[in-house]
Amino acid sequence: MNHNVSLRGLNVVSLQVSSVEVVQAYIDRIQEVNPFVNAVVKDRFAAALQEAAQVDKLIEEETGGEEVLEDRLPLLGVPLSVKESYALQGMPFTTGLVSRRGIVATVDAPPVALLKRAGAIPLGVTNTSELCMWYESHNHIYGITNNPYDLERIPGGSSGGEGSILGAAGSVIGVGSDIGGSIRMPCFFNGIFGHKTTPGVVSCENQYPPFSGRQEEYLSSGPMCRYAEDLLPMLKIMAGPRVNMLSLNTKVDLKKLRFFTIPHDGGSPLITPVSKELVDIQRKVAERLEADLGVKVQEVHFPELHYSFQIWDTYMVLPDKEGKPPQTFAELMGEPGRPAWPLWELLKWMIGKSDHTLAAIVVGLVEMTRMSKKSSSIIQIKEKLQKEVDELLGADGVFLYPSHPRVAPKHHHPLLRPFDFSYTGIINMLGLPVTQCPLGVGEEGLPLGVQVVAGKLQDHLTLAVALHLEKTFGGWKDPGAN
């Protein structure tokens with residue numbers, strides 16, 4: 001069976017192929033690629049095959065016709081992978097923290113439950129960074145995940161296992177979460193599509209670590225997949241009762257949108273400059289939009305983007321409405337006991353005795369050095385940026401922004417450039433929807449891409465642009481053809 005199919009091409013109700021055959025084909029694919037990428041960290045293949053057999057029985061017994069079944073169960077028999085930081089009943093729920101080894105989810109996180117209720121069949125859970133707070137997916141329970149385009153490169157994080165297995169065609173659809181780029185960086189590095197929804201639309205309950213402070217305002221759950229057309233049906237399901245907050249049934253006329261491009265953050269000294277090939281591909285996207293749609297893509301610059309990391313760092317630790325600060329990273333590292341002491345963990349790490357990755361220890365050390373009081377000047381800068389961006393976008397504006405300063409880095413290199421995630425992180429702080437779009441591969445055979453950003457609750461605009469860019473630039477490329 002061909003693994004390179006979208007949801008529409010995988011309609012088991014109308015296909016002359018059984019659900020068991022479809023699920024078995026993806027199990028075979030995971031068993032073929034996972035020894036190389038280490039993306040799926042725990043499978044449920046036996047249960048998935050049983051569920052597929054039940055799907056076949058349901059189709060056989062359905063008397064109301066294909067349309068009735070498709071309407072009731074739009075994802076019937078579709079193989080799904082799930083980020084391990086989401087609760088998936090009966091599966092590990094550790095988020096790579098050694099002290100949580102053995103913890104098994106007793107319920108499904110709401111987006112997972114909704115996808116299952118629509119007929120999707122989970123094949124297993126995928127790797128994350130330790131506590132989901134780094135952009136390389138590595139921890140001391142499951143080890144390190146590799147990029148299917150180059151095994152020496154990172155798949156990103158924290159949804160790196162999802163990005164890797166989807167990029168390797170080992171699953172059809174997946175779910176990720178994103179508070180600093182954890183959907184978009186893995187989608188970018190692995191050449192797939194992903195959507196960070198407007199916050200508050202898709203439930204973020206039953207994930208670990210839980211949000212605290214004001215983090216719910218910046219955290220999003222969203223779909224990840226190889227084909228742009230699959231984002232919309234997934235989002236309609238994952239949004240559940242809040243789907244009417246979005247205009248997902250509105251037809252978008254791309255020729256009537258206002259387009260902008262922001263080529264870089266203005267040159268922050270903390271962040272790597274955007275590489276020439278990523279500057280060039282974003283310029284090509286703007287040129288193609290102008291040529292194809294007859295629109296003008298206006299280049300704009302916001303000096304406040306210079307402070308992207310400082311804004312993200314400040315807002316992540318703001319207290320909630322009751323004045324209660326968020327749980328510290330050191331507290332999370334120490335669960336279920338006392339908070340970890342990052343300096344002590346660093347000493348232990350040097351002699352190979354720490355249960356934590358160096359990345360997690362570095363996050364803990366950065367947290368220790370953070371000023372205890374919030375920076376009012378950074379808050380003023382962010383509020384100015386928010387006002388300017390909201391006014392620019394309105395209800396019909398879209399802007400292009402680099403996904404990252406460079407293509408997928410080599411393993412452990414993020415330690416040398418810890419703040420490069422700020423290109424994605426700043427969009428979280430602005431509370432905007434964004435679709436990550438692949439744009440073919442570059443000179444090293446690694447995926448290129450761009451972020452497409454719209455105003456709050458205008459998710460349908462970025463999804464429509466993603467469909468156009470897929471047609472124009474070809475979308476996902478099979479890493480095996482590299």
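Here is a short chat about how some labels in this predicted model are earned.

This is a predicted model, where local features need pLDDT of at least 70, side-chain atom pairs count only at pLDDT 80 or more, and totals for chains, interfaces and linings use all residues. Residues are numbered from 1 along each chain as its sequence is written, and side-chain values use heavy atoms, with hydrogens and water left out.

Me: Why is Lys 324 called exposed?
Reply: Buried means under 20% relative accessible area, exposed over 50%, and partly exposed in between (1.4 Å probe, protein chains only). Lys 324 has a relative accessible area of 57%, so the word exposed applies.

Me: What does Lys 324 touch, not counting residues up to four places away in sequence?
Reply: Lys 324 touches Gly 213 and Pro 319; contact means heavy atoms within 4.5 Å.

Me: What makes strand β8 mostly covered?
Reply: In β8 (residues 220-225), 6 of its 6 residues are buried. Strands (E, at least two residues) and helices (H or I, at least four) are DSSP runs, numbered from the N terminus.

Me: How do you know that β6 and β8 pair?
Reply: Two strands pair if DSSP finds at least two bridges between them. β6 (residues 173-178) and β8 have 6 bridges, in the antiparallel sense, so they count as a pair. Asp 178 stands opposite Ser 220 in β8.

Me: How do you know the span of helix α8 is close to the one expected?
Reply: The expected span is 1.5 Å times one less than the number of residues. Helix α8 (residues 276-293) has 18 residues, and the expected 26 Å is set against a reach of 26 Å from its first C-alpha to its last, so the two are close.
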